[in-house]
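Here's a walk through how the helices and strands of this model fit together. Have the viewer open and follow along.

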Amino acid sequence: MYIIVGLGNPTKEYDNTRHNIGFAAIDMLADKYGIAVNDVKHKALIGKGVIHGNKVILVKPLTYMNLSGEAVRAVIDYYKIDEQQELLVIYDDISLDVGQLRIRKKGSAGGHNGIKNIIAHLGHDTFQRIKIGVGEKPKGYDLADYVLGHFSKEDLSILKEGMEKVDGAVELMLNGNIDEAMNRYNTKVSR
């Protein structure tokens, strides 16, 4: 079984912001595979289902971004999975172009407070992740204002293609082919 966590903030005011791209990825997977993500358990919204023949738990933490590790730890402890092999976290990255993916087996938080909190709660940084590019912060912008801002119409059309790639990457990763996922999807977005 896999636990797929999308990072974001839970209230309506954060819908469709750059920082909530992880939630958007979970919503896309839930819609595509008919999984209702509406049970409130373990400080998160969760839904159980099957994606590409694999049992999954889709998770949207309700703890707000900076405390994401609390929900992730609670879900892992309840379902007793091996987080190094069966946890996949999807989140935003400002160092990547909009819609670009970066898949990793492990790594530092890179300044992302949600990932920093997950690493603190797990006690290590070895878990699979898909970073989705939301574009670099323009000069003079406050970082919090930027990541809590909304995408332009042009960016939204690029993101649609990026979300299709997320589904392809998830399929490969759930079937144990993370190296192939990295080779296929860790590429620049063509515009």
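Helices α6 and α7 cross in a right-handed sense. In this predicted model, α6 covers residues 153-174 and α7 covers residues 178-185, and their axes come within 7 Å at a crossing of roughly 155°. That angle is over 145 degrees, the cut-off for roughly antiparallel, so α6 counts as roughly antiparallel to α7. On the α6 side, the residues in contact are Lys-165, Gly-168, Ala-169, Leu-172 and Met-173, and they meet Ile-178, Glu-180, Ala-181, Arg-184 and Tyr-185 of α7. Sorted by class, this contact has six nonpolar residues, one polar and three charged.

α6 has another partner to look at, helix α1. The axes of α1 and α6 come within 10 Å and cross at roughly 65°, so the two helices are roughly perpendicular to each other. This crossing is right-handed too. From α1, the residues involved are Ile-21, Ala-24, Ala-25, Met-28, Leu-29, Lys-32 and Tyr-33; from α6, they are Leu-159, Met-163, Val-166, Asp-167 and Val-170. The class count for the contact of α1 with α6 is 10 nonpolar, no polar and two charged residues.

Next comes the pair α2 (residues 68-79) and α4 (residues 113-122), which pack at about 45° with their axes 7 Å apart. That angle makes α2 oblique to α4. Again the crossing is right-handed. α2 brings Ser-68, Gly-69, Glu-70, Val-72, Arg-73 and Ile-76 to the contact, while α4 brings Gly-114, Asn-117, Ile-118, His-121 and Leu-122. Here the split is four nonpolar, five polar and two charged.

Now for the sheet. Which strands make it up, and in what order? It is an open sheet of seven strands, and reading across gives β2-β3-β4-β1-β5-β7-β6, with mixed pairing. The edges are β2 (39-41) and β6 (101-104), each of which pairs on one side only. On average, neighbouring strands of this sheet are turned by 25° against each other, direction ignored.

Here are some of the strand pairings side by side:

| Strands | Sense | Bridges |
|---|---|---|
| β2 and β3 | antiparallel | three bridges |
| β3 and β4 | antiparallel | eight bridges |
| β1 and β4 | parallel | four bridges |
| β1 and β5 | parallel | four bridges |
| β6 and β7 | antiparallel | four bridges |

To find your way along these pairs, pick out a few facing residues. Starting at the β2 edge, Lys-41 stands opposite Ala-44 in β3. Ala-44 in turn stands opposite Pro-61 in β4, and Leu-45 stands opposite Lys-60 in β4. For the parallel pairs, Tyr-2 stands opposite Val-56 in β4, and Ile-4 stands opposite Leu-88 in β5. Over at the β6 edge, Arg-104 has Arg-129 of β7 as its bridge partner.

The hairpins are worth a stop as well. The one joining β2 and β3 has two residues between the strands, and His-42 takes a positive phi near 55° there. The hairpin of β3 and β4 also has two residues between its strands, with His-52 at a positive phi near 50°.

What about burial? Strand β4 (residues 54-61) is mostly covered, with seven of its eight residues buried. The edge strand β6 has two faces: Leu-101 and Ile-103 sit on the covered one, whereas Arg-102 and Arg-104 sit on the uncovered one. As background, side chains in a regular strand alternate between the two faces of the sheet.

Finally, back to α1, which links the helix and sheet parts of this tour. Which strands does α1 lie across? Helix α1 (residues 21-33) lies across β1, β3, β4, β5 and β7 (128-133), and runs at about 140° to β4. So if you click on α1, look for that set of strands as well as for α6, which α1 meets through residues including Met-28 and Leu-29.

How values were computed:
Residues are numbered from 1 along each chain as its sequence is written. This is a predicted model: local features need pLDDT of at least 70, side-chain atom pairs count only at pLDDT 80 or more; totals for chains, interfaces and linings use all residues. Side-chain values use heavy atoms; hydrogens and water are left out. Buried means under 20% relative accessible area, exposed over 50%, partly exposed in between (1.4 Å probe, protein chains only). Two strands pair if DSSP finds at least two bridges between them. Axes are lines fitted to C-alpha atoms, for helices over the stretch in contact, and angles run from 0 to 180 degrees between N-to-C directions. Contact means heavy atoms within 4.5 Å. Angles under 35 degrees count as roughly parallel, over 145 as roughly antiparallel, 65 to 115 as roughly perpendicular and the rest as oblique. A crossing is left-handed if the near helix is turned anticlockwise from the far one by less than a right angle, and right-handed if clockwise. Ala, Val, Leu, Ile, Met, Phe, Trp, Tyr, Cys and Pro count as nonpolar, Asp, Glu, Lys and Arg as charged, and the others, Gly among them, as polar.
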